[in-house]
Amino acid sequence: MEKTNVMRILDQKKIVYKAHFYDNSAVNGVEIAGMLGENPGQVFKTLVTVGKSGKNYVFMIPVCDELNLKKAAKAANEKSIEMIKSKELLPLTGYIHGGCSPVGMKKLFPTFIHSGVENCEKIYFSGGKIGCQVETTFESLKKIVPIKTAELIMEK
(Lines give C-alpha, C1' and ligand atoms only; values in the text may rest on other atoms or scores of the structure.)
Protein backbone atom coordinates (compact mmCIF):
# COMPACT_ATOMS: atom_id res chain seq x y z
CA MET A 1 0.00 0.00 0.00
CA GLU A 2 1.17 3.52 -0.69
CA LYS A 3 2.36 5.73 2.13
CA THR A 4 0.11 8.49 3.42
CA ASN A 5 1.32 11.93 4.51
CA VAL A 6 0.94 10.73 8.11
CA MET A 7 3.39 7.88 7.45
CA ARG A 8 5.82 10.18 5.63
CA ILE A 9 5.80 12.56 8.64
CA LEU A 10 6.33 9.66 11.07
CA ASP A 11 9.23 8.39 8.91
CA GLN A 12 10.75 11.88 8.70
CA LYS A 13 10.61 12.26 12.50
CA LYS A 14 12.00 8.72 12.94
CA ILE A 15 8.92 7.56 14.85
CA VAL A 16 8.44 3.79 15.06
CA TYR A 17 4.97 2.81 13.87
CA LYS A 18 3.06 0.07 12.13
CA ALA A 19 0.54 0.82 9.38
CA HIS A 20 -2.63 -1.26 9.21
CA PHE A 21 -4.76 -1.27 6.08
CA TYR A 22 -8.26 -2.67 6.25
CA ASP A 23 -11.33 -3.08 4.12
CA ASN A 24 -12.92 0.35 4.32
CA SER A 25 -16.44 -1.08 4.54
CA ALA A 26 -16.36 -0.54 8.32
CA VAL A 27 -19.08 1.85 9.39
CA ASN A 28 -17.58 3.02 12.68
CA GLY A 29 -14.49 2.93 14.84
CA VAL A 30 -15.63 -0.03 16.93
CA GLU A 31 -15.90 -2.11 13.74
CA ILE A 32 -12.42 -0.92 12.73
CA ALA A 33 -11.05 -1.99 16.13
CA GLY A 34 -12.66 -5.40 15.53
CA MET A 35 -11.04 -5.67 12.09
CA LEU A 36 -7.68 -4.88 13.69
CA GLY A 37 -8.35 -7.41 16.47
CA GLU A 38 -7.78 -4.67 19.05
CA ASN A 39 -9.50 -3.31 22.13
CA PRO A 40 -11.67 -0.31 21.07
CA GLY A 41 -10.25 1.56 24.09
CA GLN A 42 -6.86 1.69 22.30
CA VAL A 43 -8.23 2.85 18.94
CA PHE A 44 -8.69 6.63 18.92
CA LYS A 45 -10.88 8.83 16.78
CA THR A 46 -9.80 12.38 15.99
CA LEU A 47 -12.49 15.03 16.44
CA VAL A 48 -12.18 18.67 15.38
CA THR A 49 -14.13 21.32 17.26
CA VAL A 50 -14.55 25.06 17.53
CA GLY A 51 -14.69 26.99 20.78
CA LYS A 52 -16.83 29.99 21.68
CA SER A 53 -13.70 32.11 20.99
CA GLY A 54 -13.62 30.86 17.38
CA LYS A 55 -10.41 28.84 17.96
CA ASN A 56 -10.22 25.25 16.77
CA TYR A 57 -9.27 22.29 18.94
CA VAL A 58 -8.58 18.63 18.28
CA PHE A 59 -9.74 15.90 20.65
CA MET A 60 -8.76 12.24 20.53
CA ILE A 61 -10.99 9.76 22.32
CA PRO A 62 -11.45 5.98 22.14
CA VAL A 63 -13.75 4.94 19.29
CA CYS A 64 -16.13 3.30 21.77
CA ASP A 65 -16.71 6.57 23.64
CA GLU A 66 -18.45 9.88 23.08
CA LEU A 67 -16.84 13.31 23.56
CA ASN A 68 -18.22 15.21 26.53
CA LEU A 69 -18.36 18.77 25.18
CA LYS A 70 -18.40 20.31 28.68
CA LYS A 71 -15.24 18.43 29.67
CA ALA A 72 -13.67 19.35 26.32
CA ALA A 73 -14.47 23.04 26.86
CA LYS A 74 -12.97 22.88 30.36
CA ALA A 75 -9.78 21.24 29.02
CA ALA A 76 -9.45 23.93 26.33
CA ASN A 77 -10.32 26.74 28.74
CA GLU A 78 -13.33 27.73 26.61
CA LYS A 79 -16.87 28.70 27.66
CA SER A 80 -18.26 26.13 25.22
CA ILE A 81 -17.16 23.87 22.39
CA GLU A 82 -19.01 22.35 19.48
CA MET A 83 -18.11 19.97 16.66
CA ILE A 84 -17.24 21.67 13.38
CA LYS A 85 -19.51 21.00 10.42
CA SER A 86 -18.42 18.09 8.24
CA LYS A 87 -18.00 20.35 5.17
CA GLU A 88 -15.49 22.51 7.12
CA LEU A 89 -13.19 19.58 7.93
CA LEU A 90 -11.32 19.24 4.62
CA PRO A 91 -10.53 22.96 4.09
CA LEU A 92 -9.50 23.33 7.74
CA THR A 93 -7.43 20.17 8.26
CA GLY A 94 -6.73 18.69 4.84
CA TYR A 95 -8.54 15.51 5.90
CA ILE A 96 -11.95 14.06 5.13
CA HIS A 97 -14.46 12.71 7.65
CA GLY A 98 -13.34 9.19 8.62
CA GLY A 99 -9.71 9.84 7.66
CA CYS A 100 -8.82 12.68 10.02
CA SER A 101 -5.48 12.24 11.80
CA PRO A 102 -3.85 14.35 14.52
CA VAL A 103 -0.64 14.12 12.50
CA GLY A 104 -0.16 16.32 9.43
CA MET A 105 -3.10 18.72 9.64
CA LYS A 106 -2.78 21.94 7.64
CA LYS A 107 -2.33 23.83 10.94
CA LEU A 108 -1.30 22.63 14.36
CA PHE A 109 -4.30 23.05 16.65
CA PRO A 110 -4.29 22.62 20.43
CA THR A 111 -4.74 18.85 20.81
CA PHE A 112 -6.08 16.85 23.74
CA ILE A 113 -6.33 13.09 24.26
CA HIS A 114 -8.48 11.25 26.77
CA SER A 115 -6.51 10.56 29.96
CA GLY A 116 -7.20 6.81 29.68
CA VAL A 117 -4.44 6.75 27.04
CA GLU A 118 -1.95 6.52 29.89
CA ASN A 119 -3.11 2.92 30.43
CA CYS A 120 -2.52 1.95 26.78
CA GLU A 121 0.66 0.14 25.79
CA LYS A 122 -0.01 1.12 22.17
CA ILE A 123 -2.54 3.32 20.41
CA TYR A 124 -4.11 3.41 16.99
CA PHE A 125 -5.31 6.47 15.09
CA SER A 126 -6.12 7.34 11.50
CA GLY A 127 -3.30 7.07 9.02
CA GLY A 128 -4.80 10.03 7.15
CA LYS A 129 -7.25 8.23 4.90
CA ILE A 130 -10.17 5.87 5.23
CA GLY A 131 -8.90 2.28 5.35
CA CYS A 132 -5.65 3.06 7.16
CA GLN A 133 -4.77 3.11 10.86
CA VAL A 134 -1.36 3.76 12.41
CA GLU A 135 -0.17 1.93 15.51
CA THR A 136 2.41 3.56 17.78
CA THR A 137 2.80 4.59 21.41
CA PHE A 138 1.42 7.66 23.12
CA GLU A 139 5.01 8.65 23.96
CA SER A 140 5.87 8.59 20.25
CA LEU A 141 2.80 10.63 19.29
CA LYS A 142 3.77 13.26 21.90
CA LYS A 143 7.10 13.74 20.11
CA ILE A 144 5.39 15.14 17.02
CA VAL A 145 2.06 16.54 18.25
CA PRO A 146 2.01 18.78 21.33
CA ILE A 147 -0.79 16.97 23.12
CA LYS A 148 -2.31 17.23 26.59
CA THR A 149 -4.25 14.58 28.45
CA ALA A 150 -7.64 15.39 29.96
CA GLU A 151 -10.81 13.66 31.08
CA LEU A 152 -12.89 13.97 27.89
CA ILE A 153 -15.50 11.24 27.63
CA MET A 154 -19.13 10.85 28.64
CA GLU A 155 -19.75 8.67 31.67
CA LYS A 156 -21.13 5.26 30.73
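Modeller: Contact means that heavy atoms lie within 4.5 Å of each other. This is a predicted model in which local features need pLDDT of at least 70 and side-chain atom pairs count only at pLDDT 80 or more, while totals for chains, interfaces and linings use all residues. Residues are numbered from 1 along each chain as its sequence is written, and side-chain values use heavy atoms, with hydrogens and water left out.

Biologist: Which residues does S101 touch, not counting residues up to four places away in sequence?

Modeller: S101 lies in the loop between α4 and β5, where helices (H or I, at least four residues) and strands (E, at least two) are DSSP runs numbered from the N terminus. Once residues up to four places away in sequence are set aside, S101 touches V6, T46, Y95, F125, S126 and G128.

Biologist: Does S101 count as buried or exposed?

Modeller: Buried means under 20% relative accessible area, exposed means over 50% and partly exposed lies in between, with a 1.4 Å probe and protein chains only. Because its relative accessibility is 0%, S101 counts as buried.

Biologist: What is the order of the open sheet of five strands?

Modeller: Two strands pair if DSSP finds at least two bridges between them. The pairing in this open sheet is mixed, and its five strands have the order β4-β2-β3-β5-β8.

Biologist: Which strands of that sheet are the edge strands?

Modeller: In the order β4-β2-β3-β5-β8, an edge strand is one that pairs on one side only. That applies to β4 (81–83) and β8 (147–150).

Biologist: By what angle are neighbouring strands of this sheet turned against each other on average?

Modeller: Axes are lines fitted to C-alpha atoms, for helices over the stretch in contact, and angles run from 0 to 180 degrees between N-to-C directions. With direction ignored, neighbouring strands of the five-stranded sheet are turned against each other, on average, by 35°.

Biologist: In β4, what is the bridge partner of T49?

Modeller: Strand β2 (residues 44–51) and β4 pair in the antiparallel sense over three bridges, and G51 stands opposite I81 in β4. T49 has Y57 as its bridge partner in β3, a strand that β2 pairs with in the antiparallel sense over seven bridges. In β4, the bridge partner of T49 is M83.

Biologist: How many of the eight residues of β2 are buried?

Modeller: The strand β2 is largely enclosed by the rest of the structure. This follows from its count of buried residues, which out of eight is six.

Biologist: Which strands does helix α3 lie across?

Modeller: Helix α3 covers residues 69–76 and runs at about 120° to β4. The strands that α3 lies across are β3 (56–62), β4, β5 and β8.

Biologist: Which strands stand at the edges of the sheet with the order β1-β7-β6?

Modeller: This open sheet of three strands has antiparallel pairing. Each edge strand has a single partner strand, so one side of each is left without a neighbour in the sheet. The edge strands are β1 (18–21) and β6 (123–126).

Biologist: Which helix packs on this sheet, touching β1, β6 and β7?

Modeller: β1 and strand β7 (residues 132–136) pair in the antiparallel sense over four bridges, and the bridge partner of F21 in β7 is C132. The helix packed on the sheet comprises residues 5–12, has a direction at about 20° to that of β7, and is α1.

Biologist: Which residues of β7 are buried on one side and on the other?

Modeller: β7 is mostly covered, five of its five residues being buried. In general, side chains alternate between the two faces of the sheet in a regular strand. In β7 both faces are covered, with C132, V134 and T136 buried on one side, and on the other Q133 and E135.

Biologist: In the hairpin of β6 and β7, which residue takes a positive phi?

Modeller: β6 and β7 pair in the antiparallel sense over four bridges, and F125 stands opposite V134 in β7. The hairpin has five residues between the strands, and the positive phi, near 100°, belongs to G128.
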